[in-house]
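Colleague: I'm new to this one, so could you walk me through a single part slowly? I'd like a close look at the aromatic rings first, and then at whatever sits around them.

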Amino acid sequence: MSGALEKFEFTPADWDEVQRFDCGDKSYQREVSDWLKRPFGEDGALTAIKKDPPAKVYLYRLTAPDGRLVGFGALDKAREGWRWKGKKDPKIPVSLIIWYAVQTPFKKQPPGDVDGHYSSLILDDLIACAFDDQLTHPVLGLCVQPDNKVAIELYKRKQFTEELAPFVDRGTGAVYNRMARILNPTVLLSLGQLKQK
């Protein structure tokens with residue numbers, strides 16, 4: 001983790017604080033902050049960290065003594081895997097960035113190179129965490145609303161591609177672009193899902 005930020009595992013003790021988490025008013029921004037704020041028993045962070053196996057939810061803060069909450073990220077595993085890449089291809093095990101956001105005051109901060117922005121640093125850390133499971137989950141995936149152009153460009157800079165079929169949420173009907181980054185091409189090749197060049 002960069003010296004500018006400290007990472008903490010989200011716990012129920014953090015729930016009151018995250019009720020003030022604000023990453024914007026657009027629908028795709030509210031969707032992320034709402035997930036972080038939901039009470040236990042609903043589809044949210046508190047429920048995700050209590051399931052078996054639990055998701056990992058991290059809070060990223062400015063280093064002490066400041067300690068303000070900058071953003072958060074959540075990692076999980078796809079329960080059924082993802083098809084790689086055609087509709088009839090077998091499913092492969094995939095790690096997922098299920099949610100990720102930076103609070104509004106910290107967007108495009110600190111000034112300077114985009115790779116030094118908090119959004120980039122947090123995403124880099126989530127990718128690094130996913131590499132821990134690359135031997136069992138050789139791909140890291142995420143879903144993003146198609147109109148979230150800023151996030152899509154960031155994901156592309158971090159080597160995610162948009163080669164997979166979109167994901168449709170059966171509950172809401174919302175359509176998401178699925179993006180993926182190969183973490184371990186050797187393992188993916190062993191699963192017969194990566195063509196040798």
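Modeller: Happy to, and keep in mind that this is a predicted model. If you search the whole structure, you get 7 aromatic pairs. Some of those pairings join up: Phe21, Trp35, Phe72 and Trp99 are linked by ring pairs into a cluster.

Rings have charged company here too. Lys7 puts its charged end over the ring of Tyr58, 4.4 Å from the centre of that ring. Over the face of Phe8 you'll find Arg61, at 5.8 Å from the ring centre.

Now for the sheet. It's an open one, built from 7 strands in the order 1-2-3-6-7-9-8, and the pairing is mixed. Strand 1 (5-9) and strand 8 (167-168) are the edge strands; each has a single partner strand, so one side of each has no neighbour in the sheet. Strand 8 runs antiparallel to strand 9 (residues 175-182), and 2 bridges join them. If you want to see one end of that link, look at Phe167: its bridge partner in strand 9 is Tyr176.

Helices come next. Helix 2 (residues 27-37) packs on the sheet, where it touches strand 2 (56-62), strand 3 (69-77), strand 6 (94-102) and strand 9. The direction of helix 2 makes about 100 degrees with that of strand 6. Then there's helix 4 (residues 118-131), which lies across strand 1, strand 2, strand 3, strand 6, strand 7 (139-144) and strand 9. Helix 4 runs at about 160 degrees to strand 6.

Note on methods
Residues numbered from 1 in each chain as written. Predicted model: local features only at pLDDT ≥ 70, side-chain atom pairs only at ≥ 80, totals over all residues. Heavy atoms only, no water. Phe/Tyr/Trp six-rings, centres within 6.5 Å; stacked < 30°, edge-to-face > 60°. Lys NZ or Arg CZ within 6 Å of the ring centre and 35° of its normal. Pairing = 2+ DSSP bridges. Helix = DSSP H or I, 4+ residues; strand = E, 2+ residues; numbered from the N terminus. Contact = heavy atoms within 4.5 Å. Axes fitted to C-alpha atoms, helices over the stretch in contact; angles between N-to-C directions.
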